[in-house]
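Take a look at the structure below. Keep it open as you read, and find each residue as it comes up.

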Amino acid sequence: MSDKIKLVVIGNGPVGHNFLEALVESGQSEHYQVTVFGEEPLPAYDRVHLTSWFKNQDVADINMVKEGFYPQNNFTLFTGEKVTNIDRFKQIVTSESGQEIAYDKIILATGSFPFVPPVPGHQRDNVFVYRTIDDLEKMTAAAKNSKVGAVIGGGLLGLEAAKALMDLGLETHVVEFAPRLMAVQVDDGGGAMLSKKIQDLGVSVHTQKNTQNIAAGESNFHKMSFADGTELNTDIIVFSAGIRPRDELARNAGLGMGARGGVVINNNCVTSDDNIYAIGEVALWNNQIFGLIAPGNAMAKAAVDHLTGTGTIEFAGADMSTKLKLMGVDVASIGDAHGNTPNSRSYTYVNDREEVYKKIVVSEDDKHLLGAVLIGDAAEYGSLLQFMLNKMELPSEPEGLILPSVDGSSSGIGVDALPDSAVLCSCMNVSKADVVDAVQAGACDMGAIKSCTKAATGCGGCTALVTQVLNNELEKQGVEVNTDLCEHFAYTRQDLYNIIRVDNIKTFEELLDKYGTGLGCDICKPTAANILASCWNEHVFNHNLQGLQDTNDYYMGNMQKDGTYSVVPRIAGGEITPNKLIVLGEVANKYNLYTKITGGQRVDLFGARSEQLPMIWRELVDAGFETGHAYGKSLRTVKSCVGSNWCRYGVQDSMGMSIRLENRYKGLRSPHKLKMAVSGCTRECAEAQSKDVGVIATESGWNMYVCGNGGMKPRHADLFASDLSDSDLIQYIDRFFMFYIRTADRLQRTSVWMDNMEGGLEYLKSVIIDDKLGLADELEQEMSAVVDTYQCEWKTTIDDPIKMKRFTHFINSDKQDDNIIFTTEREQIRPIATTELELAFEVK
Amino acid sequence: MTNQTQWANICETSEILPNIGVCALFKNQQVAIFKVIDQEGAEQLFAINNYCPFSRSNTISRGIAGNINNKIVIASPLYKQHFDLETGICIEDQNVKISTYPVRLKGSTVQLAA
Ligand code: SRM
Ligand SMILES: Cc1cc2nc3c(=O)[nH]c(=O)nc-3n(C[C@H](O)[C@H](O)[C@H](O)COP(=O)(O)OP(=O)(O)OC[C@H]3O[C@@H](n4cnc5c(N)ncnc54)[C@H](O)[C@@H]3O)c2cc1C
Ligand code: SF4
Ligand code: FES
C-alpha cells in the first residue's frame, strides 16, 4: 500500500471522470492510491446532456459511471465533499469536513461556474443558473408556480436553458446583450436566421438588451429593466452569461494563473507546480480556456500519458467547431466563422422558404476551407469539418458544397479521400483509422462501432460521417452493405415504398417490370407484398399478391419446425370473456392442439396441420374471434394492465385505450412487427417502455414513448410527448407509424430505425409533432385509408371456397403428411424429436 | 430418358398457380411442383422432392420461387436455404441435393415421371 503513488483528483465532473477511465485504460492504475473529491452530491454525470435530465428527471439517464467502477479499481470517492485547501509544502489537501489527505500528485479538474453579472437584484429568489442537476431541480420546482421565464444570454447554453424553460411549459424569453444570438459562433446572417427560427418555435428573442436592474414585478415575480428604458415582466430568470474557471483553490495555492483566470498548463497539462496537473474547463492553455468536452478529454489523456509515462500524447489545442440541435434547429459553426482571416472569401446560400442559412469561408485562392456557418440544415457539417481539419483541397467551385444538389446526389466528400488520421468523432477522439480497425475486427453496424470505439456516443454530431466510413469500409471488404434490397432491385426498401406510392403500383409484376430485373426472390417478394399492403391494404390472397407471401402470410399462421402451424386469435389488450376462453379450450381439445399463454398476453394453439387451419378458424370466427396477425410484419399485441377500473393506483382506463389502439392498428403491415402496450399508471405493469409505442397514463392524459424493444437487443423507449389527450395520442401514433413505414429498412424494428436516424429523437419530434416536413396530413390520411379497409383475413378466406383449396397438403390426394408425428409431454402434444424417432424405429 | 418413360397424371395445370408450389403424392413420395413464369412470360414446370433436409420437414412446396444468379430456385420456408429447381442442388451448401423429377404438360394435364 505505502509504495503506491498517492493521487488526489479534485473535481468529479465529466473530465475528472474521463481522466480516471483513461488511467484504468493505461493499465497503470494499480500503482496509484486514488482519492477523488467531488463537490456535487452525485458521482460524475454527463453535463453535455444535462438537458435530457428533464425527460425522466432521472440521473440514471446521464450517469457516466459504470456500475462498480470506483470500488473495482480501488478508487476512493468522496461525493458532496469540497476541497478547501491545497498545502503545497506539506503536500496535503484539506476538505470541507476537515479531512486531510496527503498527496504525491494532484489532478485539478474543478471545471467552471456560470458567471452572474452583478446586476442589482441578481440575488433575488427565482434567479437561477444552468449548470448542475441541483440547478435543474430548483428551476423545475420554481416553474410549477410560474408562467413566464427569461434567460439572460443568447449563447449556446442560454438557448439550451430556454428550451428547458419552454419544456417546463413557460412563456419563454431570451435576452441578449449583443445584436444577435450565439454571437461567438455565428455571423450576422446566421444569427438573424437563427432568431427567426427560434421565434417561430414560440420563444421571444430580445437582442441588444442590457439588463440594468431586477426588482419585484407587479404582474409577475420579477421586473427586468433594460438600458434602453424597456422592461420585461417574468417569474423566473436564468443567467447564462458565460463561464469562469473555478480556479480559487489554485489561486490560493499560488499556482501560475492567467490574467483573466484559469490555471496555466503546458502541453502535458502540468501547472507551474510539477506535482499538480490541471485539465478541463479550469485549465488555461496557450491563453485559452476550452469550454467544450472534447478538449477536456484530450487533456485528460495527455495528463495520463505524462503521469504514467505510458504514452507521449500531448495536448495541442483543439478545434472549437460545434454542431448542435437547439430546440430542434440545426446549428453548426466551423473554424473562422466570421471570415476574420485577411483576404478570405465567403459564399453564402440563404433560403427563406426553408429557413436555411449556409456560409463557407475559404482561402483567397479558393483552395482551402477556413470556416463555415450552417443554420437550419447542418447536413454538410461532417464533410466541411474534414475539409478544414485535414486541409484538403476544395473542389473547383467550392460553393457547390453548400448549394442544394439538383439531382439529389450528395456534394460531400468521398470518405475514401480522408486521411487515416482524420478525427471523425472529436468528442471521443476517434479517428478514421480507429473506425476502420473496428470494422476489420468484425464490427458491422453502428451499434457495434459505438460500443467498441465510443464514436458518436458524445454529442452525436459525427454520426452521419462515421456511418459513411463504416459503410465505405464494409463495401471495400465486399460485405453487402449494399443497400440494394436484393439482386432484383437496386433500391432500398424506402425507395421502393416511394416508387410504389408515387407510381401507384399495385402488383409485383409491374414493379419488377419497371424497376427490377429477373424473377424476384424470397427477399423482394415479401417486401413488395408488405409495402403493397401498407399502401393499398388488399387481401394477402389477392390474385396478384399471393405468390409473394412468405409461407406464414400465405397460410396465415406461423410455420413451426415440423411444418405444422400455430393459431393465434386476437385477444385485444389481453381481455377475454370466459365464454371465449371456453371456446379456445374446446377448439384446442377438438383438434388436439398444444395450448400456451404467449408473452403477448394471448393464447397460442400449436400443431395445426395446414388442412386443419380452415376448420379451426371457421369455429373461431364463428365464436367472434379474429386473426391475431402473429404471422406477418404487422401489429402484434397491445399489452395492457388492468388499469383504473380495478387497480387502486390506476389513473386512466388503460384497458379501454389498449383495446382501442389494438383495434385501430390491427392488420397494419409494416417493415417489421409492431408491439405496443398501455399502462394505467407510472408503476408500468404493462412494460410499455419496452415497446415500439408505449403509453403510460398520467393524471391528465397519456405519456407516449417510442422505439422501445425487448428481444435480442433491448432498448428502453424514449419519452416522446407528455399528457396527451386521447385524440392527440392517436394522431401522433398514426403519424409515427406511417413515417416509420415510409422510411425504415426491411426488417428494421423502430428501435434500430431510431438509432440510425440522423437527428434522432428531436428530429422525429420535429416531423411528427411540429410537422417540419409538412407530411402530417398525408401520413394521417394514409393511416385512415388502412384503418378503413381493414378486414380479418381469416374471415374473408373461409367465406371463399376457392381460397380454401390451398390448405390441403396434397393436390391429388386427401392423405395427410405422414412426417408429422407428435408425442405427449405434460398432457399435451409436441413434435417428436428426431432422436426419439430414430429410437422408435430401432425398437420396431 | 427413353420412350418407355411412364408418365402419371397429377392434376390440371389450372390447379397450379404461377410461382406457388403444390405438393403431389407420387409413388409414395411427396413431390413439390412449381409453375414458374419467366421474364418472357413463358411457363416452366419443375418437380422436386418436398422434403427439406435442413428442417427435416415436408415443406419445400410452401417456399417462395425466384431466381438467384440466373438459376431458378426455391427458398425453403423454414430456414431459407435455396435449392436450384433444375438440379436440386442447394445454393448455400453444394453437398446437399434434393431429388428432382421429370415433369411435363400433356394437353392441360401436369404429368410426373420417375
Ligand atoms: C409465441 C411467442 C412466444 C411465447 O410462447 O410466448 C413468440 C414466438 C415467436 N417469436 Fe417472439 N414470441 C412471442 C413474444 C415475444 C416477445 C414478448 C412480447 O411481445 O411482449 C418478444 C420481445 C419483445 C419485442 O419484440 O421487442 C419477442 C421477440 C421476438 C424476436 C426478437 C425481436 C427483436 O426485435 O429482437 C423474434 C425474431 C424476429 O422477429 O426477427 C421473435 C420471433 C418469434 C417467432 C415468430 C419465431 C419464428 O419465426 O418462428 C415465434 C413464432 C411463434 C408462433 O408460431 O406463433 N420474437 N417475442 C410470443 C407470441 C406473442 C404474441 O402473442 O404474439
Ligand atoms: C447545459 C450544458 C450543455 C453543454 N453542452 C455541451 C455540448 O454540446 N458540447 C460540449 O462539448 N460541451 C458542452 N457543455 C460543456 C461541458 O459540459 C463542459 O465542457 C464539461 O462539463 C467540462 O468538464 P469539467 O469536468 O472540466 O468541468 P465540470 O463539468 O464543471 O466539473 C467540475 C466538477 O468539479 C467540482 N468541483 C469544483 N470545485 C471543486 C472543489 N473545490 N472540490 C471538489 N469538487 C469541486 C464541480 O462541482 C463539478 O462537479 C455543456 C455544458 C452545459 C452546462
Ligand atoms: S424465444 Fe426463441 S424459441 Fe422462444 S418463442 Fe421466441 S423465437 Fe421461439
Ligand atoms: S463528435 Fe460528438 S459524438 Fe462524435
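What follows walks through the ligand sites, the chain interface and two loop residues.

This is a predicted model. Every value here is computed from it.

Start with ligand 2. Which residues come closest to ligand 2? Its shell holds 31 residues, and the closest are Glu40(A), Arg47(A), Arg131(A), Glu281(A) and Ile293(A). Two of these names return in the polar contacts. The side chain of Arg47(A) places an N or O atom 2.6 Å from an oxygen atom of ligand 2. Arg131(A) also reaches an oxygen atom of ligand 2, with a polar side-chain atom at 2.7 Å. Val15(A) uses its backbone instead: a polar backbone atom there is 2.9 Å from a ligand 2 oxygen atom. How much of ligand 2 does the protein cover? On its own, ligand 2 has 1000 Å² of accessible area, and the protein covers 95% of that.

Now ask where this shell comes from. Two helices of chain A, α1 (14-25) and α5 (156-167), each give at least two residues to the shell around ligand 2. The largest share is that of α1(A), with three residues. Two domains of chain A also take part. Domain 1 (5-112 + 245-307) and domain 2 (127-241) each provide at least three residues of the ligand 2 shell. The chemistry of the shell is mixed: twelve residues are nonpolar, ten are polar and nine are charged.

Move on to ligand 1. Around ligand 1 there are 21 residues. Gln560(A), Thr598(A), Gly599(A), Arg602(A) and Gly710(A) come nearest. Gln560(A) makes a polar contact through its side chain, where a polar atom lies 2.3 Å from an oxygen atom of ligand 1. Asn558(A) has a polar side-chain atom 3.1 Å from a ligand 1 oxygen atom. Asp604(A) joins in too, with a side-chain N or O atom 3.1 Å from an oxygen atom of ligand 1.

Strands supply part of this second shell. In chain A, β31 (603-608) and β32 (635-640) each contribute at least two residues to the surroundings of ligand 1. What classes of residue make up the shell around ligand 1? It has eleven polar residues, eight charged and two nonpolar.

Next, turn to the interface between the chains. Here 37 residues of chain A are in contact with 36 residues of chain B. Together the two chains bury about 2800 Å². Carbon and sulfur atoms carry 53% of that area. On the side of chain A, look for Leu519(A), Asp522(A) and Ile811(A). These supply 24% of the area that chain A buries against chain B, more than any other three residues.

Finish with the backbone. Two residues other than glycine have a positive phi, one in each chain. In chain A, phi of Asn429(A) is about 50°. Asn429(A) sits in the loop between β27 (423-425) and β28 (430-431) of chain A. In chain B, Lys27(B) has a phi near 50°. Lys27(B) is also a loop residue, found between β2 (22-26) and β3 (29-37) of chain B.

Note on methods. Residues are numbered from 1 along each chain as its sequence is written. Chains are lettered from A and ligands numbered from 1 in the order in which they are written. This is a predicted model: local features need pLDDT of at least 70, side-chain atom pairs count only at pLDDT 80 or more; totals for chains, interfaces and linings use all residues. Side-chain values use heavy atoms; hydrogens and water are left out. A residue is near a molecule or strand if one of its heavy atoms lies within 4 Å of it. A polar contact is a pair of N or O atoms within 3.5 Å; within protein, one must be able to donate a hydrogen and the other to accept it, and residues adjacent in sequence count only if both atoms are side-chain atoms. Accessible areas come from the Shrake-Rupley method with a 1.4 Å probe; for residues, only the protein chains shown count as cover. Helices (H or I, at least four residues) and strands (E, at least two) are DSSP runs, numbered from the N terminus. Ala, Val, Leu, Ile, Met, Phe, Trp, Tyr, Cys and Pro count as nonpolar, Asp, Glu, Lys and Arg as charged, and the others, Gly among them, as polar. Domain bounds come from an automatic or database domain assignment. Contact means heavy atoms within 4.5 Å. Buried area is the accessible area (1.4 Å probe) that two parts lose on being put together, summed over both.
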